[in-house]
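Here are my notes on the model you sent. Please read them with the structure open.

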Amino acid sequence: MPFSNPRGRDGRLPAYDGLRSRAAGSPHSPDDPVSSRDGAAVRCDGLHRRYGGGANAVHALRGVTVAFAPGTFTAVMGPSGSGKTTLLHCVAGMDRPTSGTVWWDRTEVSRLRERRLARLRRAEVGFVFQSFNLMPAMTVEQNVTLPGRLAGRPPGRTAVHEALRQVGLGGRERHRPGQLSGGQQQRVAIARALVSHPRVLFADEPTGALDRRTGVEILSLLRAGVDEQGQTCVMVTHDAVAAGYADRVVVLADGVIVDDLDRPSAAAVSDRLSRLGG
Ligand SMILES: Nc1ncnc2c1ncn2[C@@H]1O[C@H](COP(=O)(O)OP(=O)(O)OP(=O)(O)O)[C@@H](O)[C@H]1O
């Protein structure tokens, strides 16, 4: 879905009011960067992911090494089937690489046993999906608290209300997802992802199911989280202009990184992708 160019003539992104007031309380604010072996919030080294075996094996990732610095917004792009979602799932601890390592700060998560990984993932990683993935029978408030409750660290009521207020949904705590628009549901998903102040927010095509205007609101919200809270965000997208909200664009093709672009224009991204056939 195409979006209008988010940057003004001065190259700046439009301001968004959401999330601003949480900056001071964030454990990952720009003044307090997450420390790690090399300063990265999350990194992976030599990541391979093979699905199946023998003649039917699919090599989705073929040696990906990439690090995401704290307080930055990265877009992951590439043709369909290039391994974007697989990379996101492996780095977010939702899938196991066949070989290679994934680090969150000083913890090598690719070595952790399932239970410990699940607990750490719920506490340290936020995930926003294209299809929102809310529980329809639960209220908005219950949806936002669910990952924390599963991790044994339920967020306080004040934190939940504050997170909802910051995504523009104050007063909707008792609504069910079915009573909200698509954009509002994605805002609930963002509040759910951010309420625990995750090390990294991963988003897989977060605007893919939304109209253009609503998509821009969601991208602005993600951008504001980076600018105002020092949130680290990694987003898979097919849209070059959506990628314009990011600081950096990592381009995948056939399971390897073929480009790593610093604040490219939408035109430069489109050109790179069209040369890849994406
Ligand atoms: N569970 C699976 N079993 C087998 N093959 C898979 C599985 N998941 C992904 N693949 C394959 O791995 C490759 C990479 O898939 P992936 O979904 O990561 O690509 P993508 O770049 O995110 O694609 P798209 O843009 O179409 O969503 C594809 O060839 C895909 O068919």
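1. A residue counts as exposed here if 12 or fewer other C-beta atoms lie within 10 Å of its own, and as buried if 20 or more do. The model is a predicted one. By that count, Arg157 and Thr158 of helix 4 are exposed.

2. The other side of helix 4 (residues 157-166) holds the buried positions Val160, Ala163, Leu164 and Gln166. These buried residues line one face of the helix, because they fall within an arc of 165° when seen down its axis. Their cover includes helix 3 (140-150) and helix 5 (182-194). After helix 4 comes Gly168, which has a positive phi, near 80°.

3. The largest nonpolar core contains 72 residues, and Val76, Ala191, Phe202, Leu222 and Met235 have the most contacts inside it. Helix 6 (residues 212-229) is the main contributor, giving 7 residues.

4. Phe202 deserves a separate look. Beyond its neighbours within four places in sequence, Phe202 contacts Leu88, Ala92, Val125, Gly126, Phe127 and Val234.

5. Strand 8 (residues 233-236) pairs in parallel with strand 3 (residues 73-77) through 4 bridges, and Val76 has Val236 as its bridge partner there. Strand 7 (residues 200-204) also pairs with strand 8 in the parallel sense, over 4 bridges; Leu201 stands opposite Cys233. From strand 7 the chain passes through helix 6 to strand 8, a right-handed β-α-β crossover.

6. Which way do the residues of strand 8 point? Cys233 and Met235 point one way, Val234 and Val236 the other, and all are buried. In a regular strand, side chains alternate between the two faces of the sheet.

Conventions: Residues are numbered from 1 along each chain as its sequence is written. This is a predicted model: local features need pLDDT of at least 70, side-chain atom pairs count only at pLDDT 80 or more; totals for chains, interfaces and linings use all residues. Helices (H or I, at least four residues) and strands (E, at least two) are DSSP runs, numbered from the N terminus. The arc is that of the directions from the helix axis to the C-beta atoms. Two residues are in contact if their C-beta atoms, placed from the backbone, lie within 7 Å. A nonpolar core is a set of buried Ala, Val, Leu, Ile, Met, Phe, Trp, Tyr and Cys residues joined through C-beta atoms within 7 Å. Two strands pair if DSSP finds at least two bridges between them. A crossover is right-handed if, with the strands pointing away from the viewer, the path from the first strand over the helix to the second runs clockwise.
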